[in-house]
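Q: Could you take a close look at one part of this model for me, the packing of its buried side chains? I'd like one connected walk-through rather than a list.

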Amino acid sequence: AARQRGVSAEVKGDLIVTTIGSFSVWLTPVLAAFQMLFPDLRLSLLSDYRLLRLEHGEAHLAIRAGPKPQEPDNVVQHLGRFPITLFAHRDYVARMGPLADPERPVGHRFVGGVKVGALSPHDRWINAHVPEADIVFRTGDNRVQSDAVAAGIGIGFAAVPNQSNPDLVQVCPPRPEWEIDIWLVSHMALHRTAKVQALSHFLIDQVRGLVGRAQTRP
């Protein structure tokens with residue numbers, strides 16, 4: 001107990017986390033629970049598609065999706081693979097009906113990304129399988145895509161650990177080729193500090209729990 005009090009006393013001050021905006025739906029509640037344990041900590045969550053430079057102190061921890069980050073002098077930990085599938089608002093499903101066959105998604109409206117730059121596997125799938133006329137809303141911001149699906153505009157991709165909106169429903173099962181790897185990244189100069197270590201361990205436990213529940217979800 002004395003050791004725990006000592007660690008808690010060191011976990012204070014500013015702690016900056018960076019990730020993509022669409023992760024806020026599950027990450028913010030996790031950070032809120034962490035801050036309850038360490039109330040002297042001031043957290044900042046920065047959602048930015050620009051990779052913030054950990055070596056220059058722009059952030060203490062980064063949560064990234066996709067291939068394993070390769071920047072030198074960073075400590076990279078694998079948090080897990082998030083199941084991804086297609087979601088829609090229940091009002092959309094009531095209005096347009098279920099998605100009977102994902103390979104032939106005719107008669108439905110979709111939310112997708114912009115057709116410039118590096119495309120995600122999910123955008124490549126939508127572009128390959130959905131007629132252009134049925135992609136009725138495009139945006140390069142994953143958080144805006146999620147908001148568009150939640151607004152009932154159409155069907156779109158989202159991570160399965162998405163419990164914040166009970167009105168969102170899966171319209172097809174997750175597929176292995178749609179999964180994304182999630183990485184926790186810190187700079188070696190800050191990795192061993194008490195606050196970075198505390199949040200790293202907390203995130204590993206919480207995110208693996210989220211992934212485990214998502215994988216057993218019917």
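**Buried side chains up close**

A: Let's start with a charged residue: arginine 64 comes out at 12% relative accessibility, so it counts as buried, the cut-off being under 20%. Keep in mind that this is a predicted model. Arginine 64 belongs to strand β3, residues 61-65, and its side chain makes a polar contact of 3.0 Å with the side chain of glutamate 71.

Now for the helices. Helix α2 covers residues 24-37, 14 residues in total. From first C-alpha to last, α2 reaches 20 Å, close to the 20 Å you'd expect at 1.5 Å a residue. Its buried residues are Ser24, Trp26, Leu27, Val30, Leu31 and Phe34. Look down the axis of α2 and those buried residues fall within an arc of 160°, so they line one face of the helix. The spacing rule behind this sort of pattern is a familiar one: with 3.6 residues a turn, an α-helix has residues three or four places apart pointing the same way, so a face can build up along the sequence.

Two of those buried α2 residues turn up again among the aromatics. Trp26 joins Phe23 and Phe82 in one aromatic cluster. For the wider picture, a search of the whole structure gives eight aromatic pairs. One of them brings in Phe34: phenylalanine 34 and phenylalanine 202 sit 5.4 Å centre to centre, with 50° between the planes, and that pair is tilted. It ties together distant parts of the chain, since phenylalanine 34 is in helix α2 and phenylalanine 202 is in helix α6 (residues 194-216), 168 residues apart. Both of these phenylalanines are buried.

Compare that with phenylalanine 157 and tryptophan 178. Their ring centres are 4.9 Å apart and their planes meet at 80°, so this pair is edge-to-face. Here too distant parts of the chain are linked: phenylalanine 157 is in strand β8, tryptophan 178 is in the loop between β9 (168-170) and β10, and 21 residues separate the two. Phenylalanine 157 and tryptophan 178 are both buried.

Strand β8 also leads us to another helix. In α4 (residues 121-129), the buried residues include His122, Asp123, Trp125 and Ile126. Seen down the axis of α4, its buried residues fall within an arc of 160°, so they line one face of that helix as well. Among the elements covering them are β8 (156-159), β5 (84-89), β6 (110-112), β7 (135-138), α5 (142-150) and β10 (180-187).

Conventions: Residues numbered from 1 in each chain as written. Predicted model: local features only at pLDDT ≥ 70, side-chain atom pairs only at ≥ 80, totals over all residues. Heavy atoms only, no water. Buried < 20%, exposed > 50% of the residue type's maximum accessible area, 1.4 Å probe, protein only. Helix = DSSP H or I, 4+ residues; strand = E, 2+ residues; numbered from the N terminus. Arc of directions from axis to C-beta. Contact = heavy atoms within 4.5 Å. Expected span 1.5 Å × (residues − 1). Phe/Tyr/Trp six-rings, centres within 6.5 Å; stacked < 30°, edge-to-face > 60°. Polar contact = N/O pair within 3.5 Å; in protein donor to acceptor, adjacent residues only side chain to side chain.
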